[in-house]
Amino acid sequence: MSSRPILHSSHWGAFTATGSAEGLRVDPHPDDPAPSPLLGNVAAALHAPTRVLRPHVRRGWWEDGPGPDPRRGDDEYLPVGWDEVLDRLAAEYRRVLAVGGNEAVYGGSYGWASAGRFHHAQSQLHRFLNCLGGATRSTGTYSHATGEALLPHVVGSIEPLLWPTAWASVERHTDLVIAVGGLPAKNSEVASGGITRHEVPGRLRAARARGAEFVLVSPQRDDLAAELDAEWLALRPGTDTALLLALGHVLVAEDRHDETFLRDCTTGAEEFCASLRERTPEWAEPITGIPAQTIRTLARRAAAGRTMITVSWSIGRTRHGEQPLWAAIALAALLGQIGLPGGGFGHGYASTGGVGRRSSSMPLPTFPQFADPLRRRIPVARIADALLHPGEEYAFDGERRRYPHLRLVHWAGGNPFHHHQDLRRLRRAFAAAETVVVHEPYWTSTARHADVVLATTTSLEREDLGAARYDDRLLAMGRVSPPLGKARDDYAALADLAGRLGVGERFTEGRDAAEWVEHLYEEWRAGPARRAGVEAPPYARFRDGGEVALPDGTTEHVLLAAFRRDPSAAPLRTPSGRIELVSARVAGFGYADCPGLPTWFAPAEAPDAEHDLVLLANNPATRLHSQLDHGATSQRSKVQGREPVRMHPRDAERRGLRAGQVVVLESRQGSCLAGLVLSDALREGVLQMSTGAWFDPVAGAAAGVDCGHGNVNVLTADVGTSALAQGCTGQHVAVRVRAHTGPVPPVTVFAAPGAVGAEGVSSPAWVPLRTIRSTEGESHYS
Ligand code: PGD
């Protein structure tokens with residue numbers, strides 16, 4: 001490790017890392033006004049018991065050959081050399097391509113991986129697969145699939161999702177922010193690709209100081225900072241659409257809507273307004289739990305000033321998750337402020353730190369992936385369906401498609417055994433594959449379901465370029481430590497595999513990783529940077545802690561502001577050229593679960609006699625998704641080593657439960673342990689548990705549940721949002737809760753297979769995943 005501070009970057013902020021006898025010291029970037037507590041996890045990134053330090057193979061696959069195998073997730077692993085594993089993998093690639101063609105390889109490889117323009121894991125894998133003639137890939141995201149599918153039909157582009165009106169404009173112009181799903185500070189701390197200055201809390205404070213008012217629409221009070229003095233509308237989970245339609249009803253009934261905007265800039269206004277007739281505040285009150293008078297007053301306030309209605313991405317991760325977004329756009333259209341500074345709608349403010357920042361169109365250094373000759377895609381959250389139902393037909397965004405027969409699954413930079421729903425079902429789906437290859441720095445739950453685990457360096461062991469389109473600088477990401485053990489960069493592993501498959505020269509173009517990083521930088525310096533007048537030193541000077549300032553972007557919503565100014569000169573790319581409050585195209589798809597205008601559906605995950613609580617499974621405050629769950633910040637939040645679940649004190653009292661206790665959560669899909677935390681920041685009847693605790697079926701088996709650690713996705717359902725987006729619906733799940741009785745098993749998932757608390761595996765022998773030796777005692781991390 002370097003004993004001098006090395007500049008580096010992550011999805012949760014830029015920092016310097018300094019090696020010392022005590023370990024890695026991590027300091028936030030000096031320009032960051034609000035560094036993320038997630039930096040506290042970084043010190044555990046390098047030397048952790050859970051590091052994969054050599055390639056490993058699964059016994060069933062190595063000895064019996066490829067094929068469907070229910071032992072995945074419950075088998076033994078053998079450390080092997082790079083040459084032997086890559087030889088065997090190349091042979092398996094040849095077999096699969098011969099038997100099933102390129103579509104038999106699944107290389108969607110969804111996931112956040114690490115910051116860095118060159119070593120981005122998916123880009124690496126996609127380039128490799130494109131060199132081979134392509135593979136089945138995924139379309140859309142777990143984050144905001146509903147917006148990606150819906151917005152093109154309604155406003156002609158997904159731009160409002162990525163580049164809404166900038167925060168700077170909200171700060172200056174907005175009188176009222178109606179935050180559906182909140183503006184949670186924890187999510188604004190992360191931004192894909194890296195973020196140097198965390199600005200969202202400061203922007204919100206400044207807006208409030210100017211006099212802006214905030215209304216929080218969420219079952220959780222802490223979805224918005226307390227300092228913003230928001231009015232909290234603690235509605236029932238999954239009822240946002242009812243609230244939004246009732247607000248629209250009041251505007252129309254009281255003639256507070258903007259007829260001119262509706263006439264000039266929308267289509268379907270008459271039909272939409274007619275559909276609101278029955279959607280009175282009195283209708284919405286028993287559904288949402290929000291008093292009718294509160295709804296009426298809010299609609300009047302919204303019409304009285306400049307109003308921004310924002311819907312968080314998380315709201316879309318529910319059944320019929322398209323509807324609240326469409327209803328919010330329709331409400332903003334009724335108010336007539338779309339395209340005005342600080343007004344209209346936003347989708348995803350604070351869902352990451354990047355949304356609402358600058359949007360520079362200047363290209364960044366980019367590792368070319370080549371074109372995908374196959375162009376075969378499945379909706380990203382339908383991976384288990386695809387593996388379980390090869391050849392079956394499904395509906396997606398107006399098309400009938402068929403799942404390919406996937407035989408080889410290749411993943412780099414993602415953790416589906418964290419991010420997908422209904423993990424029991426995902427286990428069955430992975431059992432159906434013939435070969436599963438995973439590149440990972442850590443023994444994540446996904447690595448533990450793979451046949452081939454390729455030991456990968458962390459970003460701290462690599463040099464790279466840190467930059468993102470919404471950030472204000474390009475950073476040199478220095479190497480903090482040489483690669484540990486036999487870990488290799490994704491690039492090096494794929495280059496050697498490509499060489500064995502006859503496409504090595506095409507994949508590498510004759511460069512090693514260091515040469516690529518320099519090449520990408522110099523190419524960018526001589527091209528886009530020079531053209532934009534950006535001062536950038538030569539790489540030799542830049543690579544040691546260099547930072548290049550990038551030009552600023554625009555603050556207004558470019559597309560919608562131009563459209564509003566002159567709808568006929570700058571029409572939207574919708575069939576009508578306008579905002580579609582009613583979409584003939586969507587109606588024409590004939591989907592019962594997504595008709596042609598914003599529609600109310602009762603929540604799919606509502607309490608019933610068996611499951612009397614609704615659990616919110618949202619993104620964590622103590623780690624990025626599942627990354628570095630073994631790190632200090634994440635571990636500090638655990639309760640008896642389990643992922644915390646929050647519950648209202650009165651709900652706990654009614655059930656005789658107390659804070660700090662280990663509880664069992666059960667849904668229709670599965671069960672897990674969790675550690676109870678009491679909080680009055682939740683609506684009664686609602687629980688909250690973050691995603692990202694590593695799935696631990698071993699500790700679960702010892703406790704008679706599916707996961708002994710608290711991975712919330714054993715509880716959630718694997719159903720698409722609707723036939724339109726087929727997005728993930730992991731945000732809500734109906735559950736019941738009871739006290740756990742009997743010994744609490746140790747969490748085993750943070751130790752390498754066969755090594756409870758030991759520093760990895762040293763002997764080249766088969767080692768089991770089952771590391772629990774007794775149900776007593778504490779695990780290394782409890
Ligand atoms: P991460 O934990 O970031 O989760 O799911 P995602 O799969 O992105 O996984 C990234 C993995 O990449 C980690 O295991 C990390 O160790 C590995 N990695 C990091 N750097 C490298 C590298 O350089 N090379 C390689 N090979 N690997 C690397 C996130 C997904 O979860 C998202 S985006 C959302 S928004 C969803 N949200 C929800 C939700 O709200 N509710 C539920 N129930 N479920 C969700 N899942 C989704």
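A polar contact is a pair of N or O atoms within 3.5 Å. The model used here is predicted.

**Exercise 1. Find which side chains make polar contacts with nitrogen atoms of the ligand, among S114, Q421 and N713.**

Step 1. Take N713: an N or O atom of its side chain is 2.7 Å from a ligand nitrogen. That is within 3.5 Å.
Step 2. Take S114: its side-chain N or O atom is 2.5 Å from a nitrogen atom of the ligand.
Step 3. Take Q421: a polar side-chain atom lies 3.1 Å from a ligand nitrogen.
Step 4. Add the cover: alone, the ligand exposes 920 Å², and the protein buries 98% of that.

**Exercise 2. State which cavity the ligand takes up, and which elements and domains supply its shell.**

Step 1. The ligand's space is the largest cavity.
Step 2. Two elements give two or more residues to the shell: α16 (416-419) and β18 (435-440).
Step 3. Domain 2 (51-142 + 376-549) and domain 4 (613-739) each provide at least three shell residues.

**Exercise 3. Describe the shell by residue class and name the nearest residues.**

Step 1. Sort the shell: 9 nonpolar, 21 polar and 4 charged residues.
Step 2. Of the 34 residues around the ligand, S114, H419, E440, D490 and S626 come nearest.

Definitions and conventions. Residues are numbered from 1 along each chain as its sequence is written. This is a predicted model: local features need pLDDT of at least 70, side-chain atom pairs count only at pLDDT 80 or more; totals for chains, interfaces and linings use all residues. Side-chain values use heavy atoms; hydrogens and water are left out. A residue is near a molecule or strand if one of its heavy atoms lies within 4 Å of it. A polar contact is a pair of N or O atoms within 3.5 Å; within protein, one must be able to donate a hydrogen and the other to accept it, and residues adjacent in sequence count only if both atoms are side-chain atoms. Accessible areas come from the Shrake-Rupley method with a 1.4 Å probe; for residues, only the protein chains shown count as cover. On a 1 Å grid over the protein atoms alone, a cavity is a set of points where a 1.4 Å probe fits but cannot get out, and a pocket is an open set with protein on both sides within 12 Å along at least five of seven lines; lining residues have an atom within 4 Å of a point. A molecule sits in a cavity or pocket if more than half of its atoms lie within 2 Å of its grid points. Helices (H or I, at least four residues) and strands (E, at least two) are DSSP runs, numbered from the N terminus. Ala, Val, Leu, Ile, Met, Phe, Trp, Tyr, Cys and Pro count as nonpolar, Asp, Glu, Lys and Arg as charged, and the others, Gly among them, as polar. Domain bounds come from an automatic or database domain assignment.
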